[in-house]
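Work through the exercises below with the sequence and the 3D structure open beside you. Try each task on your own before you read the solution that follows it.

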Amino acid sequence: MREDRIIPIRPTSAPLPTAPLLRPQGLAHGQVHSPAHATQALRDRLGRPLTDLRISVTDRCNFRCGYCMPRAVYGPGHRFLPQPDLLSFEEITRTARLFVSLGVTKLRITGGEPLMRRDLPELIRQLAALRTPDGERPELAMTTNGALLAPHAQALHDAGLQRVTVSLDALDPATFRAMSDSDIAVERVLEGIATAQAVGLAPVKVNMVVQKGLNDDQILPMVEHFRGTGIELRFIEFMDVGHTNGWNLDKVLPSQAVQDLIARHHPLRELPAERPEDTARRVALSDGSGTVGFVSSVTQAFCGDCSRLRLSTDGKLYTCLFASQGHDLRSLLRDATPDADILARLAALWGARSDRYSAQRHANTPSVASRVEMSYIGG
Ligand code: SAM
Ligand code: SF4
Ligand code: SF4
């Protein structure tokens, strides 16, 4: 092994913080925390509510996108998490249930490639049975590279999955191959998208990470392909997440440049944000043929409304995509810790949160080498 080989970090984890049990009056030890009470209480130090839990179900993937899992790092020698380290479906569902009782209304399954996790529809079935304190179903979504979506879309929908976001960086076969660094044909992803729509997953969205000089010639073909289909195409700025993807600012094509390019071919109209915590700024093609979104975490940070918490495949909680340290939940789940104790710690974790990495990117940023990889923490 070369001395200078880049090794993705498995960050050290800290225990979940303890806090005085947030036990509403009259609630006995071991009884689940009053949801209504908790919903009001859960704000972080910057006043941001916790509404969105992203659940990574595997650190494995059938693609090797250079911006996420470069093959030079995630080659045959890479050691993925051993099976016993993964949270079981029951552990994930218990965690999600606790978070939903604390006010989370959106659950997103991600990875790695979530469809690499065996029996995923069974997890979806368990999560789909959860209810918010108001008796509503939490929104249940998945982000996938789409390669295995066609054969699984129906079962996922039947199990209760509502919506799906498919990552697709190019239509041109050679560019797609270069971006995904896999032998899987782009047609399989397109078939996955079509099947997702056909079985009733809605809305279907498509995410395209734009890297200057690599796939920016695909921006207009992607707009042409997806307008008129009801699918929203979202352009994602290449982010400096992790420390293995060779990021530098020169490789980022700012969203504004993408928008200007599209506007030269299609008049655009700005749309209001649907929800404050939405990551994408949206525009409509003025001819009514569709909408396009921009996720601009490099040039227009959206930390101010960030309401997302991430659960890694091995049960660590991350309060920011750029965190260098996770908080160990798995040991509590496997330790017969009562729900009320875990809830108090989850509330304490969120209450202590002050992350806003993207907003501070150019100032006091943490060491690049200590950042956790996106394929591990979940995108
Ligand atoms: N494998 C699935 C997929 O690709 O959709 C889910 C996991 S992936 C980590 C989630 C999202 O993160 C994808 O849309 C991917 O394009 C995006 N992503 C990964 N690395 C990124 C980076 N460095 N900059 C911007 N987006 C990135
Ligand atoms: Fe795999 Fe998704 Fe990362 Fe690409 S972005 S390597 S598909 S986890
Ligand atoms: Fe949220 Fe961290 Fe991303 Fe800011 S940098 S939007 S706090 S995940």
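The exercises that follow concern a predicted model, and each task is followed by its solution.

**Exercise 1. Confidence and overall make-up**

Task: State how many helices and strands the protein has, and find what its mean pLDDT is.

Solution: Begin with the secondary structure, where the protein shows 12 helices and 13 strands. Turn next to the confidence, for which the mean pLDDT is 90, with 88% of the residues reaching 70 or more. Then look at residues 21-39, where pLDDT stays under 50 and for which the model has 33 contacts beyond four places in sequence. Finally, consider burial and contacts: of the 379 residues in the protein, 43% are buried, and among contacts with a separation of 6 or more, 78% are between residues 24 or more positions apart.

**Exercise 2. The nonpolar core**

Task: Determine which residues have the most contacts inside the largest nonpolar core, and which helix gives the most to this core.

Solution: The largest nonpolar core has 95 residues, and those with the most contacts inside it are Leu 102, Met 208, Val 210 and Leu 346. The helix that gives the most to this core is H10, residues 339-351, which supplies seven residues. As a next step, take Met 208 and leave aside residues up to four places away in sequence; Met 208 then touches Leu 168, Asp 169, Met 222, Leu 233, Phe 235 and Ile 236.

**Exercise 3. Buried, partly exposed or exposed?**

Task: Classify Ala 340, Asp 119 and Ala 336 by their C-beta neighbours.

Solution: The cut-offs come first: a residue is buried with 20 or more other C-beta atoms within 10 Å, exposed with 12 or fewer, and partly exposed in between. Ala 340, whose place is in helix H10, has 18 such atoms within 10 Å and is therefore partly exposed. Asp 119, in the loop between strand E3 and helix H3, counts as exposed because it has 10 C-beta neighbours inside 10 Å. Ala 336, in the loop between helix H9 and H10, has 6 C-beta neighbours inside 10 Å, so Ala 336 also counts as exposed. As a last step, check the backbone: Asp 119 has a positive phi of about 60° although it is not a glycine, and Ala 336 likewise has a positive phi of about 60° without being a glycine.

**Exercise 4. Paired strands**

Task: Follow the pairing from strand E8 to strand E9, and then from E9 to strand E10.

Solution: E8 (residues 268-270) and E9 (residues 281-285) pair in the antiparallel sense over three bridges, and here Glu 270 stands opposite Val 283 in E9. E9 and E10 (residues 291-295) also run antiparallel, joined by four bridges, and the bridge partner of Arg 281 in E10 is Phe 294. In the hairpin of E9 and E10, five residues lie between the strands, and Gly 288 takes a positive phi near 80°.

**Exercise 5. Surroundings of the ligands**

Task: Find how the shells around ligand 1, ligand 2 and ligand 3 divide by residue class.

Solution: Ligand 1 is surrounded by 20 residues, the closest being Tyr 67, Cys 68, Ser 167, Met 239 and Gly 379, and by class its shell has nine nonpolar, 10 polar and one charged residues. Around ligand 2, the residues include Cys 61, Cys 65 and Cys 68, and the shell divides into five nonpolar, five polar and two charged. Around ligand 3, the residues include Cys 303, Cys 306 and Cys 320, and the shell divides into seven nonpolar, two polar and three charged.

How values were computed:
Residues are numbered from 1 along each chain as its sequence is written. Chains are lettered from A and ligands numbered from 1 in the order in which they are written. This is a predicted model: local features need pLDDT of at least 70, side-chain atom pairs count only at pLDDT 80 or more; totals for chains, interfaces and linings use all residues. A residue is near a molecule or strand if its C-beta atom, placed from the backbone, lies within 6 Å of it. Ala, Val, Leu, Ile, Met, Phe, Trp, Tyr, Cys and Pro count as nonpolar, Asp, Glu, Lys and Arg as charged, and the others, Gly among them, as polar. Helices (H or I, at least four residues) and strands (E, at least two) are DSSP runs, numbered from the N terminus. Two residues are in contact if their C-beta atoms, placed from the backbone, lie within 7 Å. A nonpolar core is a set of buried Ala, Val, Leu, Ile, Met, Phe, Trp, Tyr and Cys residues joined through C-beta atoms within 7 Å. pLDDT is the predictor's confidence in each residue, from 0 to 100. Two strands pair if DSSP finds at least two bridges between them.
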